[in-house]
Amino acid sequence: MTPPTLTTTETAPTTTISATSTSRGYQMGSRGSHNIAKGGQHPYQLPQFTNKHEERKWALQHMAGAFRVFARKGYTEGTAGHISIRDPVDPTTFWINPLGKHFGLIKASDLVHVDEEGNVLPDGNQVAINAAGFAIHSAIHKARPDVNAACHCHSTYGKAWAAMGRKLDMINQDVCTFYNSHDVYTDFGGVALEAEEGVKIAAAIGETGKGVIMQNHGLLTVGNTVDEAAYLFSLLEKSCQVQLVAQAALRPGEELKIIGDEEAKYCEYHDGDPETLYTEFQPDLEMEIYLNKDFLE
């Protein structure tokens, strides 16, 4: 649901590619949320803006909503964890959460605007930010011009799976969203206070990756919108949980049934584009608006 306080102009066009099919004869067609909507237009359309200040307001409200969703899902760990968005007005800067504010209390007005050097800018909240969060997120925004948002938390199942030091297996339809688009950062260097650690983490995501499993640390996801990045984080966390449960349930001699490459690619193609991933976050955002929409302030 688009918060009622905002005005948008038009919906994003669907990107069309040459139609191909799988060996089963299943058509690839064009990517976009139209693939999962039948009988009408998808109810959650990705907006585009002609006014960058209106876009900033909308993005900050959705960012605050993402923190509320993360709080409800239990992704907090003391003062660790951060979400950032590239500023639509000045793309060389970004917004991030204030240090020490519980995710469940964050409002749009609490968010902090910083430049590439970590200086707090005057048009945002005038408080400290997490130093490790700045090191990681600043490196990501510099390395990936296509990324407008990034999410990182020390969530329970993400930390547990990160201790394995390996990628997730394609064992169900949902995790196939990360098919050939997630990796593992194995060179844990301690708390990411140094700029070099942030640069290495950004490099591990790759040029087109959606997320990274940070060995001995946690999970990190990126997206074109904060909605996409936030949904991907919840999906990556749940996928870690599912794989841990599935592995624990194996009887001696059993193995997990892995989805084939062609089928995994088909799933990723239809479920893993920015437009569709944006829509996947909207039910959770709508729930937060229903529970307490003060985060829009």
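In this predicted model, helix α1 is followed by Gly 74, a residue whose phi is positive, near 85°. From that helix the description moves to the open sheet of seven strands, on which α1 packs.

**Helix α1 and its ends**

- At the N-terminal end of α1, Asn 51 acts as a cap, with a side-chain oxygen that lies 2.8 Å from the backbone nitrogen of His 53.
- The 22 residues of α1 should span 32 Å at 1.5 Å a residue, and because the end C-alpha atoms are 31 Å apart, the expected and modelled spans agree.

**The sheet**

- The seven strands of the open sheet follow the order β5-β4-β3-β6-β9-β8-β7, and their pairing is mixed.
- At the edges of this sheet are β5 (112–114) and β7 (182–185), each of which pairs on one side only.
- On average, and with direction ignored, neighbouring strands of the sheet are turned by 20° against each other.
- Strands of a sheet pair through backbone hydrogen bonds, either parallel or antiparallel.
- Strand β3 (residues 82–86) and strand β4 (residues 94–96) run antiparallel and are joined by three bridges; the bridge partner that Arg 86 has in β4 is Phe 94.

**Helices against the sheet**

- Helix α1 (residues 52–73) packs on the sheet and touches β3, β4, β5 and β6 (149–153), while its direction makes about 165° with that of β3.
- Helix α2 (residues 131–143) lies across β3, β4, β5, β6, β8 (211–214) and β9 (218–223), and runs at about 35° to β3.

Methods:
Residues are numbered from 1 along each chain as its sequence is written. This is a predicted model: local features need pLDDT of at least 70, side-chain atom pairs count only at pLDDT 80 or more; totals for chains, interfaces and linings use all residues. Side-chain values use heavy atoms; hydrogens and water are left out. Two strands pair if DSSP finds at least two bridges between them. Helices (H or I, at least four residues) and strands (E, at least two) are DSSP runs, numbered from the N terminus. Axes are lines fitted to C-alpha atoms, for helices over the stretch in contact, and angles run from 0 to 180 degrees between N-to-C directions. Contact means heavy atoms within 4.5 Å. The expected span of a helix is 1.5 Å times one less than its number of residues. A polar contact is a pair of N or O atoms within 3.5 Å; within protein, one must be able to donate a hydrogen and the other to accept it, and residues adjacent in sequence count only if both atoms are side-chain atoms.
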